[in-house]
Amino acid sequence: MQNNQIESYVILGGGTAGWISAAVLAQALKNSKVNITLIESPNVATVGVGEATIPSIVDLLEYLRIPQKDFILKTNATFKLGIKFVDWLEKGQHYWHQFGYIGNNIDGLPFYQHWARHISQGGQFGLTDFSPAVALAKQNKFFIPDPKRPNNLSGSTYALHFDAGLVAEYLKEYCLKKHNLEVVYDHLVDTELDIQGQIKTLHLQSGKHISADFFIDCSGQRALLINKALRVGYQNWQHYLPANKAIAVQTDISNPLPPYTEATAHEHGWRWRIPLQNRTGNGYVYCDDFCSDNHAEALLIDHATKHNCVINQSKLISFTTGKRDKMWFKNCLAVGLSSGFLEPLESTSIYLIMRAMLNFVQSLPDKMPHPATIKEFNRRMDIEYQCIRDFIVLHYCRTQRTDSAFWRMWQTLAIPDSLQQKLALFEAQGRLMHNPQDLFAQDSWYAVLEGMGVRAKSLDPRVYQSNFTMVEKAFADSANALVQVASKTLDHAEYIQRLKL
Ligand SMILES: Cc1cc2nc3c(=O)[nH]c(=O)nc-3n(C[C@H](O)[C@H](O)[C@H](O)COP(=O)(O)OP(=O)(O)OC[C@H]3O[C@@H](n4cnc5c(N)ncnc54)[C@H](O)[C@@H]3O)c2cc1C
């Protein structure tokens with residue numbers, strides 16, 4: 001058999017996508033002699049605002065064999081138990097999207113079915129009153145469940161908020177220590193293709209030329225390889241998610257330190273608040289059809305400085321929601337912003353970077369990638385993107401806000417057919433489509449559906465076979481126990497302080 005194995009990879013870009021790609025590749029190929037080169041431009045800054053994650057970040061650290069405590073301390077990270085959504089359904093209302101589960105199945109039926117019966121018969125408990133993560137988050141507490149000593153909080157999972165710049169530095173050091181990886185500080189000026197239309201050589205500003213067998217495009221929104229060189233198009237999803245700008249600013253530390261991200265709906269979009277150990281990240285995502293950049297900045301600063309002081313210059317970022325037609329084309333894989341972007345409402349971009357790279361190392365090609373391998377990779381990533389898009393649209397499409405043109409727009413905006421079908425099934429009898437490739441588990445969908453006022457018109461008939469009195473008693477015991485047990489855990493800030501000892 002002919003040895004056609006890849007001998008060299010080039011990663012273009014040293015942002016979060018570039019360094020996660022390098023780390024995953026270096027780990028997967030740690031026992032090989034494959035050359036990995038990462039090029040980052042001294043002239044182009046990284047986007048640098050991706051600071052909130054979802055629980056899969058913990059899996060990534062485990063995959064890379066990175067000690068979590070070391071990572072947390074060196075990236076100024078805090079813990080995240082979920083997202084608090086404020087004013088989305090209507091002003092004055094809020095709801096939680098928790099990490100981890102809500103309640104346990106009862107008599108073989110999803111907890112949601114029993115809870116919906118509880119509510120329909122005048123019950124008072126909210127759905128997320130049965131979430132361990134929410135019980136902790138509401139009290140600014142944090143706790144990592146010990147599998148050997150289970151208690152009521154055992155179902156809580158967590159993610160991290162971190163400083164994106166420090167993460168890139170951390171992963172750079174990791175790659176340089178772990179693997180014979182070369183970093184080139186230079187600016188790409190031209191790309192040369194071979195006669196089959198594959199990428200052959202990158203020409204850099206210094207006059208240097210770098211050739212490789214395979215290229216990973218982490219050049220951000222510029223998409224210099226996948227789009228500029230290979231002309232792979234972009235599916236624009238702005239008709240589903242019209243926000244196209246964000247303005248970000250940092251303020252000083254929050255006190256108390258919340259173990260969650262806050263996403264507050266505003267007149268023309270929404271505002272995020274992400275607490276780190278040493279500062280708070282704030283941003284306003286909006287649609288510039290309805291709001292000027294100056295107005296957005298004034299609104300953001302006004303809110304961000306209610307309790308904190310601004311510590312840096314604000315940064316304006318434009319984006320087009322959508323995804324690359326093909327993330328993998330010929331000998332080039334697009335990862336990060338070059339592959340697509342969905343607004344950061346559920347902190348999914350870093351997850352998509354990690355997912356793309358973990359899928360890629362399961363599909364490592366030869367020098368001439370096989371079309372079937374590429375097709376399967378792209379199929380899987382398309383499903384990931386579509387499921388996340390639908391979940392994000394759900395946060396908007398049933399709003400009852402009518403206080404501005406931005407919110408009124410949602411009454412007429414078409415939603416994806418796939419989401420329409422999910423809503424129809426759910427509204428019939430409270431059932432959710434089973435899709436093992438959906439990043440968001442059923443309890444995530446239940447939480448946001450309930451938060452956005454979407455309820456089932458009828459329930460699974462089997463729920464009425466359960467003993468309602470016993471179920472109600474179990475509800476009261478469980479919700480009260482969660483609050484009690486959570487109150488005895490450490491404050492989030494104190495938990496982090498103890499890591500430093
Ligand atoms: C407003 C906003 C908020 C976000 N919030 C979150 C969040 O909370 N959670 C989350 O998961 N994600 C979030 N994201 C997404 C996240 O920031 C990105 O997915 C992540 O930072 C990856 O970016 P990147 O590395 O692809 O691109 P970039 O950070 O833009 O990096 C591009 C790299 O390419 C290099 N480059 C560019 N041109 C050249 C050239 N000619 N030659 C050589 N090198 C070049 C640059 O120097 C840089 O190193 C957010 C994004 C935005 C816009």
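## Helix α14

In α14 of this predicted model, the residues Val471, Phe475, Ala479, Leu482 and Ala486 are buried (under 20% relative accessible area with a 1.4 Å probe, protein chains only). They cover an arc of only 65° around the axis, taken from the directions from the helix axis to the C-beta atoms, which puts them on the same side of α14. The face turned away from that buried side carries Thr469, Met470 and Lys473, which are exposed (over 50%).

The helix, a DSSP run of H or I with at least four residues, comprises the 20 residues 468-487 and should span 28 Å at 1.5 Å a residue (times one less than the number of residues), which agrees with the 29 Å between its end C-alpha atoms.

## Second largest pocket

The second largest pocket is lined by 19 residues, among them Pro55, Phe99, Leu439, Ala441 and Ser444, which lie nearest its centre. A pocket here is an open set of 1 Å grid points, over the protein atoms alone, with protein on both sides within 12 Å along at least five of seven lines, and lining residues have an atom within 4 Å of a point.

Because domain 1 (8-77 + 162-236 + 324-387) and domain 2 (97-159 + 403-491) both give residues to the lining, this pocket lies between them, the domain bounds coming from an automatic or database assignment.

## Conventions

Residues are numbered from 1 along each chain as its sequence is written. Local features of the model need pLDDT of at least 70 and side-chain atom pairs count only at pLDDT 80 or more, whereas totals for chains, interfaces and linings use all residues, and side-chain values use heavy atoms, with hydrogens and water left out.

Note on methods: 1 Å grid on protein atoms, 1.4 Å probe; cavity = no way out; pocket = protein on both sides within 12 Å on 5 of 7 lines; lining within 4 Å. Helix = DSSP H or I, 4+ residues; strand = E, 2+ residues; numbered from the N terminus.
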